[in-house]
Amino acid sequence: MDTIIKEDNLENNSMNDNDIVDNSETGINFGEFGKCLKRARRESNTTSDKLGNACGVNPVFIRQIESGTRLPSLPKLVKICDNLQISPVYLLENEIVTKTMEKNWAILVKMQDTLSEDVCFIVKDVLHSMIQNLAEPIKKKNEKSGDDAYGVIDKEEFGRRLKKVRQEVRFSSEQLAVACNVNPVFIRQIETGARLPSLSVFVKICNSLSVSPAYLLGNEIKIEVTGYGWEELIRIQCDMTPKAQQIVRDVLDSLIHNLKEMGKKKKG
């Protein structure tokens with residue numbers, strides 16, 4: 001049986017018998033996760049030493065993650081993403097079944113690129129209006145903390161968002177617990193802000209509720225540069241429930257198609 005090292009205290013790089021678990025217990029492909037991290041780190045021109053120090057862990061641990069032998073805890077995942085300026089969706093692309101959501105946004109961006117400047121302005125104006133009405137209110141960071149406030153999970157906010165999505169899809173805490181193979185009490189503890197799930201349970205939650213990890217982690221990661229043409233799309237993914245995101249996509253898709261048809265008729 002193949003064995004791997006489970007996630008544990010990142011500051012402690014010693015190994016013991018309790019660190020050895022079956023890969024099936026986590027449901028996460030350690031090797032693929034490590035490859036994604038290594039690719040993201042190199043693209044950001046960051047060394048493993050620099051990333052480890054920025055995240056408050058031994059750089060050796062970063063290299064162990066990248067080699068597929070360790071996993072970070074959820075709080076450390078957030079620190080890694082914040083330091084590399086990437087969405088957690090990127091590192092979990094092989095684990096989250098809702099990754100098709102990214103493709104849907106990318107398609108809309110490509111469609112937008114074919115519009116005239118005047119029509120594009122109309123679409124963006126509608127998008128801004130929907131953001132104001134459907135997005136979560138942005139939780140202001142402590143001004144004294146500055147950028148240090150990012151990369152740290154707000155347990156209460158995480159729990160609130162989880163509960164909101166669970167209720168939106170009409171899942172009971174018991175049903176979610178069964179889907180994630182945990183005790184229902186643990187789900188309720190997460191929702192009240194008393195505890196955080198492990199990375200493996202976090203992935204199970206995202207897949208069970210069909211929610212993007214970016215939404216559950218809220219505005220904990222300060223991403224200033226995105227891979228999309230519209231920075232607004234990152235906010236939508238971080239600050240809208242799956243239901244709200246679907247409304248936005250449907251409205252924009254319909255609006256873009258109708259405006260393109262109107263443009264064709266005028267030319268005709």
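How many salt bridges does the structure hold? In this predicted model, the count comes to 9 salt bridges. A few of them are worth a look one by one, but the nonpolar interior makes a handy starting point.

The largest nonpolar core is built from 46 residues. Those with the most contacts inside this core are Ile 80, Leu 91, Phe 158, Leu 199, Phe 202 and Leu 216. Helix 11, which covers residues 199-209, gives the most to the core, with 7 residues. A second core, of 18 residues, lies apart from this one, and among its members are Leu 233, Ala 244, Val 248 and Leu 252.

Phe 158 gives a good view of the larger core from the inside. Setting aside neighbours within four places in sequence, Phe 158 touches Leu 74, Ile 153, Ile 190, Leu 196, Pro 197, Phe 202, Leu 216 and Leu 217. The contact with Phe 202 also belongs to the place where two helices meet: Phe 158, Leu 162, Val 165 and Arg 166 in helix 8 come up against Phe 202, Ile 205 and Leu 209 in helix 11.

How do these two helices sit against each other? Two packed helices are described by the angle between their axes and the distance between the axes. For helix 8 and helix 11, the axes come within 10 Å and cross at roughly 30 degrees. Angles under 35 degrees count as roughly parallel, so helix 8 and helix 11 are roughly parallel to each other. Their crossing is left-handed.

Helix 8 carries charged pairs as well. Within this helix, which spans residues 155-168, Arg 161 and Glu 157 are 4 residues apart, or about one turn. An α-helix has 3.6 residues a turn, so residues three or four places apart point the same way. The side chains of Arg 161 and Glu 157 do indeed meet in a salt bridge, at 2.8 Å from N to O. Are the two partners buried or exposed? Arg 161 counts as buried because its relative accessibility is 0%, and Glu 157 is buried too, with a relative accessible area of 8%.

Another residue of helix 8, Arg 166, forms a salt bridge with Glu 191, with an N to O distance of 2.6 Å. Glu 191 belongs to helix 10 (residues 184-191), so this pair ties together parts that are 25 residues apart in sequence. Glu 191 is buried at 10% relative accessibility, and Arg 166 is buried at 9%. Salt bridges with shared partners also link Glu 157, Arg 160, Arg 161 and Asp 239 into one network.

Elsewhere, Glu 93 pairs with Arg 39 in a salt bridge whose closest N and O atoms are 2.8 Å apart. Glu 93 sits in the loop between helix 5 (88-91) and helix 6 (100-113), while Arg 39 is in helix 1 (residues 30-43), so the pair ties together parts that are 54 residues apart in sequence. Here the partners are partly exposed: Glu 93 has 27% relative accessibility, and Arg 39 has a relative accessible area of 34%.

Helix 1 turns up again around helix 3. Helix 3 (residues 59-66) is mostly covered, with 6 of its 8 residues buried. The buried ones are Pro 59, Phe 61, Ile 62, Gln 64, Ile 65 and Glu 66. What covers these residues includes helix 1, helix 2 (48-55) and helix 4 (74-84).

Key:
Residues are numbered from 1 along each chain as its sequence is written. This is a predicted model: local features need pLDDT of at least 70, side-chain atom pairs count only at pLDDT 80 or more; totals for chains, interfaces and linings use all residues. Side-chain values use heavy atoms; hydrogens and water are left out. A nonpolar core is a set of buried Ala, Val, Leu, Ile, Met, Phe, Trp, Tyr and Cys residues joined through side-chain atoms within 4.5 Å. Buried means under 20% relative accessible area, exposed over 50%, partly exposed in between (1.4 Å probe, protein chains only). Contact means heavy atoms within 4.5 Å. A salt bridge is a side-chain nitrogen of Lys or Arg within 4 Å of a carboxyl oxygen of Asp or Glu. Axes are lines fitted to C-alpha atoms, for helices over the stretch in contact, and angles run from 0 to 180 degrees between N-to-C directions. Angles under 35 degrees count as roughly parallel, over 145 as roughly antiparallel, 65 to 115 as roughly perpendicular and the rest as oblique. A crossing is left-handed if the near helix is turned anticlockwise from the far one by less than a right angle, and right-handed if clockwise.
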